Amino acid sequence: MKIVVCVKAVPHPSEICKIRIDPATKTLMRCDVPLAVNLLDRHALEAALELKETSGAFVSVISMGPPPAESIVKECMALGADRGILLSDRAFGGADAFATAFTLSKGIEKTGSFDLVVCGMASSDGATEWVGPQIASFLDIPVVTMVRKIENRQSNEWLVISDWQNGYRRVQIRLPALLTVTRELNRPRALSFSGIVKARKKVIEHWDLDALGIPEELVGAKGSPTIVSEMTTVEKRRNVEILQGNAEEKADKLVTRLGEAGII
Amino acid sequence: MNKGFGPVWVIAEQAGCEVEIVSLQLLGKARELADELGVACEAILLGRSLEESARKLTEAGADRVFLADDPALEFYQPEIYRDIICSLAHEHGPEIILAGSTFMGRELAPLVAARLATGLAAHCTGLRHDRNKNLEQLVPAYGGLLSIVCPEKRPQMATVARGVFKTPEPDSSRKGEIVLIPVPATAEARVRTLEVVRGSSSSIELEDAQVIIAGGAGACSPEGWETIRELARTMDAALGCTRPVVDEGWAFLDAMIGQSGKMVNPAVYLAIGISGEQQHMAGITGAKLMIAINNDPASPVFQQVDLGVVENFQEFVPLLIAKIKAYRQKSCLQP
């Protein structure tokens with residue numbers, strides 16, 4: 001079985017609050033925020049690695065991003081992926097979900113035949129949730145989003161459980177297919193020292209626009225139907241009243257206010 | 001009717017035998033947008049036994065409702081739902097398609113957008129026309145608001161969560177046309193929903209809650225989360241959280257409040273161990289009284305609430321619980 005896992009390098013969760021809109025220039029102030037593997041993509045990789053262990057699989061990891069994103073592909077190799085690919089080209093910059101999904105789908109096609117593509121259900125920075133299902137659209141394969149459990153695998157007919165309002169959806173899907181996964185699916189393994197040592201010898205493949213053989217108009221900002229036309233800073237400041245006194249007095253004041261609001 | 005623009009559409013949804021509230025809310029907005037363009041406001045509803053819901057969509061503002069009513073469509077079926085919507089779109093050339101940020105909408109909308117080769121804005125908190133009559137789709141990010149437009153392609157597509165727009169007052173005098181869509185016989189689907197199970201949620205739904213207690217990254221410990229749960233029980237409040245709490249496994253995605261989670265409008269919102277990250281705060285702009293408990297006086301959350309308590313919540317909340325119980329006892333004793 002051949003599995004492709006899509007991963008994204010995102011600003012490290014603890015540092016993301018440093019990225020802000022500059023009120024003067026209305027552009028993003030991106031400081032040197034360290035990159036990390038998007039957390040939900042770790043669950044996607046874990047799903048692939050578990051399938052590799054139980055049934056045997058060849059796991060490729062693919063990411064689109066600037067050259068420093070190589071480090072997160074490397075990290076996935078250290079966790080147990082067999083092949084690592086970074087799609088990187090200046091032309092890919094400024095892509096919206098549609099152009100990103102298109103570019104990744106071309107990368108996935110170039111890896112050869114595959115049975116399964118796994119993605120995290122969303123990224124922590126963009127959070128559109130569109131890339132997974134749109135990759136499936138471009139590859140013309142079926143998709144189930146927000147999978148929390150793989151219930152049954154009978155050759156190429158799988159039964160999966162996915163999230164639904166106050167409940168769940170049981171779905172039958174025929175491979176080759178794409179799944180986007182939630183954090184309930186599994187518990188991602190930690191990096192091991194031996195994994196890191198082994199990954200040192202592995203080479204990350206870099207594919208640019210030429211390698212994918214697609215026209216420049218279809219990728220990056222040019223290939224994106226949506227654009228950010230404006231950025232505004234919002235002043236959502238409320239006039240806060242900080243309760244004074246010792247803890248006891250603060251609790252009394254708060255209870256009085258809750259009582260006045262008629263909710264206790 | 002303006003010949004230059006296509007109609008404004010809503011992909012509506014039925015849950016069980018009731019139309020989803022977000023579908024009605026989207027129709028209210030779609031009606032406004034359609035009137036600004038001088039075009040029709042239309043809804044698409046797929047499922048089984050849809051008559052009642054179709055009437056509600058009409059009362060909420062739809063001039064025309066496309067109905068695909070068939071036992072085979074009882075559950076959301078990705079490929080056939082997508083195919084029906086895309087072929088209707090090819091036929092009628094809508095200007096705008098809106099969908100709810102429901103589990104269905106979040107999977108179906110990107111499939112439709114990819115097939116129609118158009119843009120899709122995610123989880124918008126505002127929609128309006130700009131000078132060029134492009135749909136300006138507002139999305140909170142990075143401490144501000146992004147305006148997303150799709151200038152070249154049509155339709156312009158967006159998902160919006162329940163609670164962003166108000167539910168329109170039903171107008172029972174409104175008359176709308178119902179167009180029955182034949183359900184195409186398809187080749188065997190590659191993906192099939194076998195069942196949808198909706199738990200009878202015993203707890204209060206966040207969207208309906210009058211009082212919400214929300215915990216953040218600062219509450220991510222077994223004792224911390226139990227303390228917050230206890231306060232929610234004491235106050236009969238719904239329990240919500242921020243993304244890190246879900247990521248760390250203390251709560252399910254259902255409980256996440258924020259731009260990519262639930263949009264809430266409670267009378268009182270009480271934030272505990274929450275730093276005031278934009279993603280989260282964008283979900284609570286409708287709250288009347290906002291309170292924060294945080295041990296860091298410099299936390300940005302204190303600029304975004306009405307009442308602030310600078311205390312360690314682990315010590316303060318048990319005290320608060322005791323005081324609330326005492327307050328209640330006292331008010332019971334009063335004649």
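## Two chains joined through shared sheets

Helix H3 (residues 97–110) of chain A lies across E1, E6, E7, strand E8 (116–120) and E13 of chain A, and its direction makes about 145° with that of E6(A). This is a predicted model, scored at ipTM 0.91 and pTM 0.87. For chain B the mean pLDDT is 91, with 95% of its residues at 70 or more.

The strands beneath helix H3 of chain A belong to an open sheet of 10 strands with mixed pairing, in the order E13(A)-E7(A)-E6(A)-E1(A)-E8(A)-E12(A)-E9(A)-E10(A)-E11(A)-E13(B). Its edge strands are strand E13 (204–207) of chain A and E13 of chain B, each of which pairs on one side only. On average, neighbouring strands of this sheet are turned by 30° against each other when direction is ignored. Helix H2 (residues 70–79) of chain A also lies across part of the sheet, namely strand E1 (2–7), strand E6 (58–64), strand E7 (83–87) and E13 of chain A, and runs at about 165° to E7(A).

Where the sheet passes from one chain to the other, strand E11 (residues 167–174) of chain A and E13(B) run antiparallel and are joined by seven bridges; here Arg170(A) stands opposite Glu195(B). Within chain A, strand E9 (residues 143–154) and strand E12 (residues 177–181) run parallel and are joined by three bridges, with Val143(A) opposite Leu178(A).

A second open sheet, of six strands with parallel pairing, also draws on both chains, and its order is E15(A)-E18(B)-E17(B)-E16(B)-E14(B)-E15(B). Its edges are strand E15 (241–242) of chain A and strand E15 (238–241) of chain B, each pairing on one side only. Helix H5 (residues 222–235) of chain B packs on this sheet, where it touches strand E14 (211–215), E15 and strand E16 (268–272) of chain B, and its direction makes about 175° with that of E14(B). E17(B) and E18(B) pair in the parallel sense over four bridges, and Ile291(B) stands opposite Leu307(B) in E18(B).

The contact between the chains involves 72 residues of chain B and 65 residues of chain A. On the chain B side, the elements that give two or more residues include helix H4 (103–115), strand E13 (191–198) and helix H8 (313–333). By class, that side of chain B has 38 nonpolar, 15 polar and 19 charged residues.

Chain B itself is divided into domain 1 (8–180) and domain 2 (206–333), whose C-alpha centres lie 32 Å apart. Each domain gives 10 residues to the contact between them, and the side of domain 1 that touches domain 2 consists of five nonpolar, four polar and one charged residue.

Which part of chain B do the buried residues of H4(A) pack against? They pack against H4 of chain B, together with E1, H3, E8, E9 and E12 of chain A. Helix H4 (residues 131–139) of chain A has eight of its nine residues buried, so this helix is largely enclosed by the rest of the structure. Gln134(A), which lies in that helix, is buried because 27 other C-beta atoms lie within 10 Å. Leaving aside neighbours within four places in sequence, Gln134(A) is in contact with Ala97(A), Phe98(A), Ala101(A), Pro110(B) and Ala114(B). Just after the helix comes Asp140(A), whose phi is positive, near 55°.

Two residues other than glycine with a positive phi are set out below.

| Residue | Phi | C-beta neighbours inside 10 Å |
|---|---|---|
| Ser155(A) | near 45° | 7 neighbours, exposed |
| His123(B) | about 50° | 26 neighbours, buried |

Ser155(A) sits in the loop between E9 and strand E10 (157–164) of chain A, whereas His123(B) is found in strand E7 of chain B.

Cis peptide bonds occur in both chains. In chain A, such a bond joins Leu175(A) and Pro176(A), with omega about 0°, and Pro176(A) lies in the loop between E11 and E12 of chain A. In chain B, the bond from Arg154(B) to Pro155(B) is cis, with omega near 0°, and Pro155(B) lies in the loop between E10 and strand E11 (156–160) of chain B.

Key
Residues are numbered from 1 along each chain as its sequence is written. Chains are lettered from A and ligands numbered from 1 in the order in which they are written. This is a predicted model: local features need pLDDT of at least 70, side-chain atom pairs count only at pLDDT 80 or more; totals for chains, interfaces and linings use all residues. Two residues are in contact if their C-beta atoms, placed from the backbone, lie within 7 Å. Ala, Val, Leu, Ile, Met, Phe, Trp, Tyr, Cys and Pro count as nonpolar, Asp, Glu, Lys and Arg as charged, and the others, Gly among them, as polar. Two strands pair if DSSP finds at least two bridges between them. pLDDT is the predictor's confidence in each residue, from 0 to 100. Domain bounds come from an automatic or database domain assignment. Axes are lines fitted to C-alpha atoms, for helices over the stretch in contact, and angles run from 0 to 180 degrees between N-to-C directions. A residue is buried if 20 or more other C-beta atoms lie within 10 Å of its own, exposed if 12 or fewer, and partly exposed in between; C-beta atoms are placed from the backbone.
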